[in-house]
Amino acid sequence: MNLTALSSPSLQAAYLRTLPAIRERCSNVHAMAQRGKLEYFDYHPNHESSVVNYCLEIMKRDFPAADGGVDFASIPPHGRWRHLDAGKSRIAPLMEKWDEERLGRLPVSEKEKCKRLIDLFLVSVLLDAGAGNQWSYNESGGERYSRSEGLAVATVHMFDQGLFSGFPVAQPHRVDAQGLSQINESRIATAMQVSDANPMVGLSGRTSLLVNLKTALESNPRFFGSDARPGNIIDFLESESKFDGSSLRVHVSSLWGVLLEGLAPIWPARYSIGEVQLGDVWPCSVLSTDGQAEGDNFVPFHKLTGWITYSLIEPMEKILKWRFDGIEDMTGLPEYRNGGLLIDFGVLTLKPGLKALVNASGIPCLPPSHGAVVEWRAMTVIELDRIADGIRRQAGVHSCDLTLAQVLESATWKGGREIAKRLRPLTGGPPIEIESDGTVF
């Protein structure tokens, strides 16, 4: 890309879609918090140590070492794989089926297995936005799952049944544009057991993402191939990367670029600069100044893209043995579990103007565009960095021993859920409810 040939708005739009922009703009909001300049929250850094201690206790409980500390090497990275295996293994049995399968006379290759997992993981993340406090999914064995795990388990069964495949009998375990062309709200509602007695928040938005995914896959054959399939990004990344010995080295920015550009058509139109739709990017009032350039007050999050990125890296590393560079540019995910941890431990407290917006349950319920949600999410990104650093300092380890992705998996996301259940046992919901349309959280 010749940046000198771009106009200033184009440069701004391009910047706001990069990984570094997320941390940089969120840092600007955090700097305002340190000066007491947020509009909706007060910031109490002295409470961060309580979050660190709470997270460490969870890690010791779930990943115990023989010496009573934490077995850091046993912590998996944050990704959709764990949710798909909630309660029991589901991915391994699928892969065992593939070991016995033949494509013509040939066994299923490792690359094809990875493509199938990318197909599944991508669709599962797109369906992962908050489903609300009332919905749940029941497996045939009687197990009941709600929220993120419920959505994941439902997606595995939909995938196994060929719901997303254009060849549901011959090749059920794939996602392609032809299969997605058959998707509608009624089919998704049936597959996810949605009813008047089991309502799901954001069903329409969730369905729209899948319908729009069909368009995105067909519009970008460079990334998704002639058969318009998510898993074909493997072929593109392979062509853009280089081998280091027997391992392919892929820069995370290449995967990020494919997802930002290739999936751009699926997101609802929100804010734009020039003619570029920005996606999960929002204005923040505390960054607004007189005479600033268009977009200088915008904060990018790209939460679902980040969640997809974390989720897709894992199968490529495990199955193809690829190595990803630039992972340090990835941020924590700005969503209500990670963010809820900050409010529930008093790192962030609500200012009077936000307290005035509480509903009958005593908590605010706000759309993703609300300024309080933007501040909350920006603070969450930087606080996750600070919490991870605090855990490492207390445990005496470095970032190479405990990555941010491992902290998200073993501590903050889980911790946010557990403290929410303790403080709000009737719902287990976050301290600020989000009016979800199924396309952001």
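## Helix H15 and its cap

Helices here are DSSP runs of H or I with at least four residues, numbered from the N terminus. With that in hand, let's look at helix H15 in this predicted model. Glu335 caps the N-terminal end of H15. To do that, Glu335 places a side-chain oxygen 3.0 Å from the backbone nitrogen of Arg337.

What about the stretch that follows? Just after H15, Gly346 takes a positive phi of about 80°.

## Tucked under cover

H15 runs over residues 336-344 and is mostly covered, with nine of its nine residues buried. Arg337, whose backbone nitrogen featured in the cap, is on that buried list. So are Tyr336, Asn338, Gly339, Gly340, Leu341, Leu342, Ile343 and Asp344.

Which parts of the structure do the covering? On the helix side, they include H3 (48-62), H7 (147-160), H17 (371-395) and H18 (404-423). Strands E1 (41-43) and E13 (348-350) also help cover the buried residues of H15.

## The second largest pocket

Now for some empty space: the second largest pocket holds about 440 Å³. It is lined by 19 residues, and the closest to its centre are Ile327, Glu328, Thr403, Leu404 and Ala405.

Which helix gives the most to this lining? That's H14, with four residues. H14 covers 303-319, and H14, H17 and H18 each supply at least two lining residues. You've met two of these already: H17 and H18 are also among the elements that cover H15.

As for the mix of residue classes, the lining of this pocket has nine nonpolar, six charged and four polar residues.

Definitions and conventions: Residues are numbered from 1 along each chain as its sequence is written. This is a predicted model: local features need pLDDT of at least 70, side-chain atom pairs count only at pLDDT 80 or more; totals for chains, interfaces and linings use all residues. Side-chain values use heavy atoms; hydrogens and water are left out. Buried means under 20% relative accessible area, exposed over 50%, partly exposed in between (1.4 Å probe, protein chains only). Contact means heavy atoms within 4.5 Å. A polar contact is a pair of N or O atoms within 3.5 Å; within protein, one must be able to donate a hydrogen and the other to accept it, and residues adjacent in sequence count only if both atoms are side-chain atoms. On a 1 Å grid over the protein atoms alone, a cavity is a set of points where a 1.4 Å probe fits but cannot get out, and a pocket is an open set with protein on both sides within 12 Å along at least five of seven lines; lining residues have an atom within 4 Å of a point. Grid points are joined across faces, edges and corners, and a volume is the space filled by probe spheres set on the points. Ala, Val, Leu, Ile, Met, Phe, Trp, Tyr, Cys and Pro count as nonpolar, Asp, Glu, Lys and Arg as charged, and the others, Gly among them, as polar.
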